[in-house]
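Student: Please give me a close look at the salt bridges here. Then tell me how the parts around them are packed.

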Amino acid sequence: MKFGIQVNEGPYTHEASVSALNFVKAALDAGHEIFRVFFYHDGVNNGTRLTTPPQDDINIVQSWSELAEKHNIDLVVCVAAAQRRGIVDEGEQERNGKDANNIAPGFRISGLGQLIEAGIQCDRLVVFGD
Amino acid sequence: MSDVKKFMYVNRKAPYGTIYAWEALEVVLIGAAFEQDVSLAFVDDGVFQLVKGQDTTELGIKNFSPTYSALGDYDVNKIYVEKESLDARGLTIDDLMPLTYEDEDDDWAEKDSIRVVTAAEMAEILEQQDVVLSF
């Protein structure tokens with residue numbers, strides 16, 4: 001089965017992103033396809049490489065990046081939500097005249113159409129959030 | 001037309017206090033361009049999103065409620081509001097903004113977009129959907 005995933009909450013504050021991470025791993029283990037993971041609302045905070053959790057805790061951002069690299073998963077951060085919350089890639093940095101960027105490896109910033117497309121293309125769209 | 005899916009956006013939270021309602025509306029507006037079969041559900045505190053006369057002056061944040069009135073122009077005209085959620089909050093349909101659309105199949109007659117349905121009816125409507133986005 002082809003899954004689309006929507007993550008609506010940031011890491012650590014809310015369990016949603018870890019639940020999504022576990023769901024994606026389990027789905028892949030079971031032979032399913034992950035078409036895309038779309039990060040919305042505070043979920044965009046899953047995509048900053050500046051996250052530095054305590055060493056005895058899970059590094060959620062890094063876990064997403066590793067998963068993306070290993071399984072070639074499309075991790076998309078919503079541009080409108082990202083701009084509000086300061087998640088920036090090189091393109092956004094240049095476009096908005098910012099002095100830095102912070103997007104984590106394996107993530108890309110794009111529009112809400114990517115979420116709708118996931119709904120259209122996938123057999124199931126699974127939303128993780130509050 | 002077989003590639004058209006039934007999309008439902010479920011709005012469960014009050015309009016201010018958190019950003020979920022506003023960012024959900026942004027998804028609906030973008031999603032309208034994809035020409036899918038779209039409907040909206042308002043349940044729990046989500047029914048407050050449609051209350052008329054919203055004034056955020058004292059909050060100091062944007063009042064986005066006028067945007068709901070534009071949904072008809074985006075061909076988003078199936079708006080289901082759960083009766084039990086209204087009742088529990090002392091609201092009736094008269095407390096909600098009148099949302100309308102022009103029916104192209106009926107000489108562009110102006111019609112109401114909002115339909116108040118029971119929780120049981122809402123469950124049936126949800127059952128019919130292909131994609132449910134919950135906010």
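Tutor: Searching the whole structure turns up 14 salt bridges over all chains, a salt bridge being a side-chain nitrogen of Lys or Arg within 4 Å of a carboxyl oxygen of Asp or Glu. A word on the ground rules: this is a predicted model, where local features need pLDDT of at least 70 and side-chain atom pairs count only at pLDDT 80 or more, while totals for chains, interfaces and linings use all residues, and side-chain values use heavy atoms, with hydrogens and water left out. Residues are numbered from 1 along each chain as its sequence is written, and chains are lettered from A and ligands numbered from 1 in the order in which they are written.

Let's take chain A to begin with. A:R36 pairs with A:D74, and their closest N and O atoms are 2.9 Å apart. A:R36 sits in strand β2 (residues 33-39) of chain A and A:D74 in the loop between α2 (60-71) and β3 (75-78), so this pair ties together parts that are 38 residues apart in sequence. Helices (H or I, at least four residues) and strands (E, at least two) are DSSP runs, numbered from the N terminus. A:R36 has 6% relative accessibility, so it counts as buried; buried means under 20% relative accessible area, exposed over 50% and partly exposed in between (1.4 Å probe, protein chains only).

Chain B offers another kind of pair. B:K83 and B:D87 meet at 2.8 Å, N to O, and they are four residues apart in helix α2 (residues 83-88) of chain B, which means about one helical turn separates them. B:K83 is partly exposed at 39%, and B:D87 is partly exposed too, at 44%. Then there's B:D106 with B:K111, whose closest N and O atoms are 3.1 Å apart. B:D106 is partly exposed at 36% relative accessibility, as is B:K111 at 28%.

Some bridges share partners: A:D42, A:R84, A:R85, B:E23 and B:E26 are joined into one network that way. B:E23 and B:E26 are among the buried residues of α1(B), so that helix deserves a look. It has 12 residues (20-31), and at 1.5 Å a residue it should span 16 Å; its end C-alpha atoms are indeed 16 Å apart. (The expected span is 1.5 Å times one less than the number of residues.) Of those 12 residues, 11 are buried. Their cover includes α3 (79-85) and α5 (113-121) of chain A, along with β1 (6-11) and β2 (37-42) of chain B; contact here means heavy atoms within 4.5 Å.

Stepping back, chain B has three helices and seven strands, running β-α-β-β-α-β-β-β-α-β from the N terminus. Its radius of gyration is 15 Å, close to the 14 Å of the globule rule for 135 residues, so chain B is as compact as a globular protein of that length. That radius is taken over C-alpha atoms, and the rule is 2.2 Å times the number of residues to the power 0.38. Buried residues make up 47% of chain B.

One last residue: B:V131, in strand β7 (residues 131-134) of chain B, is buried at 2%. Leaving out residues up to four places away in sequence, B:V131 touches A:G119, A:L125, B:K5, B:K6, B:F7 and B:M8.
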